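Visitor: I have the sequence and the model open side by side. Can you take me through a few points, with the reasoning behind each?

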Amino acid sequence: MSAEPTPRREVVTGESRRVRPLPRYRAQSEIDEQTALGGAYVRSLMRSQLRAGLTAFGVLALVAGTLPLVFAALDSAAVVWAVLGFATYPPLTLTAWWYVRRAERNERDFARLVEGRPAQ
């Protein structure tokens, strides 16, 4: 027999080094699989976007609807053109700015819901 001792076998106890796939968040898989719950999530996003669009349209209709009354009260053609040229653009610009901000916030909230991140 040989005089050399056999090497000792050592057992390493630790966490596995294999990379485990992260579990997908439930809401994202519900939407991908087109289940009833996923449909409810998407309908919720669409409803909030529609609400923002209808609100912006209402403001636009209010501004455009009151213009004939303003023109009837003003009998000067120069003032009518000044109102058309300058007074209508600030409300329209503010309405467009509000709508874009609202739509982006709705999408950000929806993405946060789907990804499972907490609300800020």
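Visitor: What is the mean pLDDT of the protein, and what share of its residues reach 70 or more?
Guide: This is a predicted model, and pLDDT is the predictor's confidence in each residue, on a scale from 0 to 100. For the protein, 92% of residues reach 70 or more, and the mean is 84.

Visitor: In which helix is confidence lowest, and in which is it highest?
Guide: The low end is H1, with a mean of 75. The high end, at 92, is H4.

Visitor: How does the reach of helix H2 stand against the expected value?
Guide: Helix H2 covers residues 36-73, which makes 38 residues. At 1.5 Å a residue, 56 Å is expected. From first C-alpha to last, H2 is close to that value, at 55 Å.

Visitor: Where in H2 is there a kink?
Guide: The kink is about 30° and comes shortly before the proline Pro-68. Its place is Leu-67.

Visitor: Against which helices do the buried residues of H2 pack?
Guide: The buried residues of H2 include Gly-38, Leu-45, Ala-52 and Leu-67. Their packing partners are helix H1 (26-32), helix H3 (77-87) and H4.

Visitor: Is Thr-88 buried or exposed?
Guide: Thr-88 sits in the loop between H3 and H4. Its relative accessibility is 8%, and the cut-off for burial is under 20%. Thr-88 therefore counts as buried.

Visitor: Which residues is Thr-88 in contact with, leaving aside neighbours within four places in sequence?
Guide: One partner of Thr-88 is Leu-67, the residue at the kink in H2. The other is Val-83.

Visitor: Which helices do the buried residues of H4 pack against?
Guide: H4 has 27 residues and reaches 39 Å, close to the 39 Å expected. Among its buried residues are Thr-95, Ala-103, Asn-106 and Phe-110. These buried residues of H4 pack against H1 and H2.

Visitor: How far apart in space are Gly-53 and Ala-103?
Guide: Gly-53 belongs to helix H2 and is partly exposed, at 26% relative accessibility. Ala-103 is one of the buried residues in H4. The two are 50 residues apart in sequence, while the C-alpha to C-alpha distance is 8.5 Å.

Visitor: How many salt bridges does the count come to?
Guide: Side chains of opposite charge can pair when their charged atoms come close. Here Arg-112 pairs with Asp-109, with closest N and O atoms 3.1 Å apart, and the cut-off is 4 Å. The count comes to one salt bridge.

Visitor: Why are Arg-112 and Asp-109 about one helical turn apart, and which of the pair counts as buried?
Guide: Both lie in helix H4 (residues 89-115), and they are about one helical turn apart because three residues separate them in sequence. Asp-109 has 37% relative accessibility and counts as partly exposed. At 12%, the buried one is Arg-112.

Visitor: What is the phi of the residue that follows H4?
Guide: The residue after H4 is Gly-116. Its phi is positive, near 80°.

Visitor: Which residues does UniProt list for "transmembrane region", and how far apart are the end C-alpha atoms?
Guide: The unreviewed UniProt entry lists residues 52-74 and 80-100 under that name. In the model, residues 52-74 are 96% helix and 0% strand, and residues 80-100 are 95% helix and 0% strand. The end C-alpha atoms are 33 Å apart over residues 52-74, and over residues 80-100 they are 30 Å apart.

Methods:
Residues are numbered from 1 along each chain as its sequence is written. Side-chain values use heavy atoms; hydrogens and water are left out. A salt bridge is a side-chain nitrogen of Lys or Arg within 4 Å of a carboxyl oxygen of Asp or Glu. Helices (H or I, at least four residues) and strands (E, at least two) are DSSP runs, numbered from the N terminus. Buried means under 20% relative accessible area, exposed over 50%, partly exposed in between (1.4 Å probe, protein chains only). The expected span of a helix is 1.5 Å times one less than its number of residues. The bend at a residue is the angle between axes fitted to the seven residues ending there and the seven starting there. Contact means heavy atoms within 4.5 Å. UniProt positions are given in the numbering used here, feature names are shortened, and annotations may be inferred rather than shown by experiment.
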